[in-house]
2 protein chains.
Amino acid sequence: MNALTSLADIVGSRHLIEAEALRERPQDFWNNVPTRALALVRPASVEEVSAVLAWCNRNGSPVVPEGGRTNLIQGTAASPEAVLLSTERLNQFDAPDLGAMTVQAGSGVVLQALQESCHAAGLRFGLDFGARGSATLGGALSTNAGGFQALRYGVARDQVRGLEVVLADGTVLSHLTPYAKDNTGYDLKHLFIGSEGTLGVITRAILRLHPAPVTANTALLSFTDFDAVTRTLSRLRRDLQGTLSSFEIMWREFFEFNVDALCGGRSPLSESCPFYVLCEAEGFAPDMDDARFEAVIMQALDAGDVKDAVIAQSARQRDELWRIREDFEAEQELFRVMIDFDISLPLSAMDAFSREVDEALNTHIPEFLGLHILGHLGDGNLHVTTGLPTPERSDDLKALVYGLIAKHGGSISAEHGIGLNKRDYLGYSRSPEEIATMRLLKKALDPKNTLNPGKILQ
Amino acid sequence: MNALTSLADIVGSRHLIEAEALRERPQDFWNNVPTRALALVRPASVEEVSAVLAWCNRNGSPVVPEGGRTNLIQGTAASPEAVLLSTERLNQFDAPDLGAMTVQAGSGVVLQALQESCHAAGLRFGLDFGARGSATLGGALSTNAGGFQALRYGVARDQVRGLEVVLADGTVLSHLTPYAKDNTGYDLKHLFIGSEGTLGVITRAILRLHPAPVTANTALLSFTDFDAVTRTLSRLRRDLQGTLSSFEIMWREFFEFNVDALCGGRSPLSESCPFYVLCEAEGFAPDMDDARFEAVIMQALDAGDVKDAVIAQSARQRDELWRIREDFEAEQELFRVMIDFDISLPLSAMDAFSREVDEALNTHIPEFLGLHILGHLGDGNLHVTTGLPTPERSDDLKALVYGLIAKHGGSISAEHGIGLNKRDYLGYSRSPEEIATMRLLKKALDPKNTLNPGKILQ
């Protein structure tokens, strides 16, 4: 039987989109090229996902799972003979369980819908990032997304209590447990979380929730040296008593560039400093959180670690401070051929790394258009962005930066994953033995290389 | 070459103990039978561990890794031809890194030594349980131990940033990363954590740390119904603003038994109630934590959920309250042939489960000697203990209780693991598909079945 007929029999012909029609939509949010694939199917249940995978595995059709297609790694790029498996109809989710503080959701649910449902129940889903309006739970789990709240709540895998996943041959592994402790043999869920759809298709999860904070305090701080930044992180972690949600560092070049672009050059702080931090605490005590936050910031100023500080006095001022950190429009124009790195480093290596990158670019790629460094300091996670006037030397530049990451024992992908884009650089962060073990696992779980072939591993 | 000579060449003859000498020590803390094994080796480095494993794998000798031998699952029981690999000489650990809030430690370090070193630096290692004075880090990680602080800090795997592990064939997988975000391919560490030494031998880890709290407040609460207990857990999680460390439930029969045994029958609370909770908050604000704790407990009383409450007024009173929860001496006498279950259940099923176990024992095993239920409610984790006058009907009793756990979607091992003891019951919590996947992984990573054979899986 013909592939399209067989797949339409499983999902219903309304939920199979053929190659011709797919070409009209972009491959993903970041790559405005036509989607290539034999077809896209939209199964509505784990049984349909299982039947699609079993058919494809039997018939040698590669399967590329897709969620909101907001990944930055070409994680859902497909070959012309591949079947795209969209999770968009697996978008049911329950009301949060208030006693257990958990929620069960299909992998196709959009992150923001889940966040809002939890918030309405007085609870918080501890995962948030820019693409919340399009990204799906399944995508976030399969790439182990990070984001703004990881300092407090951990990354995507830390939110998961139980998981349902379909293997390449259609086998359903369902372990939808709501409790925090479960030591019954190997922890299979963590193998699938972060494996970018190459070992299984996540169809549903039970997620832990947290009490939703009711207060927010935000400050912008400046520093004259890096050690003072890390000392202040430790201080805030301790003295803000677990309410610290964000601690976002910006190197001067990025900060002043965005202040110029967004605030007409009028910095919220008086003097120019090499490092800035946007920090935020979210608490539960409206009668005392503001005063405590102010007192802790004052103590950090008095200790001499913080050079200058401004505390947002209104929601509008808070948004203005966050905009300096979050707005990348001007940067995108500046950098023309933009090259960005999403990396982790030991805290103790960050300062040296940033100087060495700057030096190396100046020496070896003098045509580079600037160096913007910022990130989630508490997670050891920096975003390093630069640009070139023309693309010719992009690979040289990447090799140079990845080499410095490897030298300092860093990770070439902190929160975005590997996909196609970073596959050739995996060896900068993982040893040959580790990569061989990954291949062994891939081979054991997907011997016919059906699932998202070519992603992470060649 | 002879096995003993070859192994002595690797670790040094002083660090090889032969079968005869081993027979003089008990197999483990809970089983006072002679240790059986061909020999015990004590490698002093990852290189020596690698060489021992490579030799054993090549020569068909099973290897059983051991740490503090405090596990409750016969996780280190060996066959006469097996080589015991003790991690006791892998006990080096660094001073905690104050900026990064991490510590690097060998797997042979005793938990308490690590805790104390972190505490002296103003930091807390977020894992604690009764066997802290003997249990090793490697044992805690390989069984994914839980314990008293999991409500706040998570279980053993949640403490791990980076891991070094040796595979069955001697391959070293080293990924000693200190940062929180790292999405460079499959997360191998989580496969080894909790796999009870059947997939690899953990030799070293980088662990995350937390600020050490400086205040502690403890209360004993009583409740007339179970829903009021779970509502109070949610309330305390919210209103104690992240400082809640423990929320330990005790069913009446256990509570009153221990009050009789330890307090001469004088309960700290006035009336008899079906449920009691020992809760504790640890904070950072000496000037306000006591008052806040008292206010939150008063609000729970006013809301009618908490029937009665006593707040410890001194360290002595705090110890007395904890003793009711932690002392098992009298229970051990009572139950003669003691049978205990370490389970997780959905919160919504706990009340019904406890009634059904009681009913089933009364109906089918009327000679049972009582039913003690207590546990870490916030983790969904109960410890259920009963006893029989003689051992004949132990298996009937176990099948009955495991059947009820399975009926309610529970876990037959919350924090102790499977080992030999629960191997035959694994199917009560994991599906045939999951168990087949575990076998597939074992086969892929340890094709000759060298590592801890027969544990978890037959």
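**Close-up views of the A–B interface and of domains 2 and 3**

Chain A of this predicted model is divided into domain 1 (3-86), domain 2 (102-211), domain 3 (215-326) and domain 4 (329-416), with bounds that come from an automatic or database domain assignment. Residues are numbered from 1 along each chain as its sequence is written, and chains are lettered from A in the order in which they are written. Local features need pLDDT of at least 70, side-chain atom pairs count only at pLDDT 80 or more, and totals for chains, interfaces and linings use all residues, while side-chain values use heavy atoms, with hydrogens and water left out.

**View 1. The contact between chain A and chain B.** Chain A and chain B each bring 76 residues to the contact, where contact means heavy atoms within 4.5 Å. The buried area (the accessible area, with a 1.4 Å probe, that two parts lose on being put together, summed over both) is about 6300 Å², and carbon and sulfur atoms give 61% of this. On the side of chain A, the residues that lose the most area to chain B are A:K181, A:N183 and A:Y186, together 17% of what that side buries.

**View 2. Symmetry of the two copies.** Chain A is superposed on chain B by a rotation of 180° with 0.0 Å of shift along its axis, at RMSD 0.0 Å, using least squares on the C-alpha atoms of residues with pLDDT of at least 70 in both. The two copies are thus related as by a two-fold rotation axis. Because 100% of the interface residues of chain A are also interface residues in chain B, the copies meet through the same surface.

**View 3. A salt bridge across the chains.** Between chain A and chain B the count is six salt bridges, each a side-chain nitrogen of Lys or Arg within 4 Å of a carboxyl oxygen of Asp or Glu. In one of them, the side chains of A:K181 and B:D379 meet at 3.0 Å, N to O.

**View 4. Where domain 2 meets domain 3 in chain A.** The C-alpha centres of domain 2 and domain 3 of chain A lie 30 Å apart, and six residues of domain 2 are in contact with twelve residues of domain 3. About 810 Å² is buried between these two domains of chain A, with 47% given by carbon and sulfur atoms; in domain 2, A:F148, A:L151 and A:R152 lose the most area to domain 3, together 78% of what that side buries. The count between the two domains is one salt bridge, and A:R124 forms a salt bridge with A:E282, with the closest N and O atoms 2.7 Å apart.
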